[in-house]
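Colleague: I'm new to this one. Could you take me through its largest nonpolar core, please?

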Amino acid sequence: MKQSRRSGRIQRHYRRMHRAGGLNLVSLMDIFTILVFFLMVNSSDVKVLQNTADVPLPTSTSELAAEDTLTVQVSGGVILVQGREVARVEGIEATDINIGGLAQELAYRRSLRTDSTESGYEVTIMAGRDTDYRLLRKIMQTCVDEDYRQVRLAVEAEVRNG
């Protein structure tokens with residue numbers, strides 16, 4: 001039997017409409033590309049120092065972003081350099097000018113460096129609001145004596161743009 005033109009067109013249309021559909025991934029790939037680009041752009045301008053919950057930092061505002069430097073942290077009665085314990089606060093005498101374990105660690109880290117600078121090396125000190133000023137002063141003096149003369153104090157900052 002011969003089919004009419006109309007019935008042939010209807011059958012072809014019916015076959016096209018009812019065949020297995022495919023998933024169009026072009027739109028999905030576009031969305032993920034935009035998302036990845038957005039995350040890369042927005043995460044590159046933030047410098048994050050590792051902070052523990054038991055070090056409540058003071059707040060400040062700044063127009064410049066922080067730089068990566070050697071970090072000295074006072075946390076829970078210990079002094080840490082880059083997360084490694086170097087001294088205990090209770091072992092520091094009131095008459096001490098420098099902190100022995102901190103001085104040894106800073107001297108060791110200075111000996112590993114190949115660059116030399118007249119203004120001294122950079123160090124960031126992280127200490128909570130409740131840290132005794134005399135202890136903080138001893139830490140800063142130890143850093144300066146070991147040629148880490150560019151001392152920064154870590155704070156919770158609100159970076160202003162313009």
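Modeller: Here's a walk through the core, with a quick look at the surface afterwards. This is a predicted model, where local features need pLDDT of at least 70, side-chain atom pairs count only at pLDDT 80 or more, and totals for chains, interfaces and linings use all residues. Numbering starts from 1 along each chain as its sequence is written, and side-chain values use heavy atoms, with hydrogens and water left out.

A nonpolar core here is a set of buried Ala, Val, Leu, Ile, Met, Phe, Trp, Tyr and Cys residues joined through side-chain atoms within 4.5 Å; buried means under 20% relative accessible area, exposed over 50%, and partly exposed in between (1.4 Å probe, protein chains only). The largest has 20 residues, and V72, I79, I99, L102, I139 and C143 touch the most other members. Two or more residues each come from β2 (70-75), β3 (78-81), β4 (84-88), α3, β5 (122-126) and α4 (133-145), with α4 giving the most, four residues. Those labels are DSSP runs numbered from the N terminus: helices are H or I, at least four residues, and strands are E, at least two.

Now zoom in on V72. Leaving out residues up to four places away in sequence, its contacts (heavy atoms within 4.5 Å) include I79, L102, I139 and C143.

Next, G101 sits in helix α3 (residues 100-112). G101 is partly exposed, at 22% relative accessible area. From G101 to I79 is 22 residues in sequence, but 8.9 Å in space, C-alpha to C-alpha.

As for the surface, F32 lies in helix α2 (residues 26-43) and is partly exposed, with a relative accessible area of 48%.
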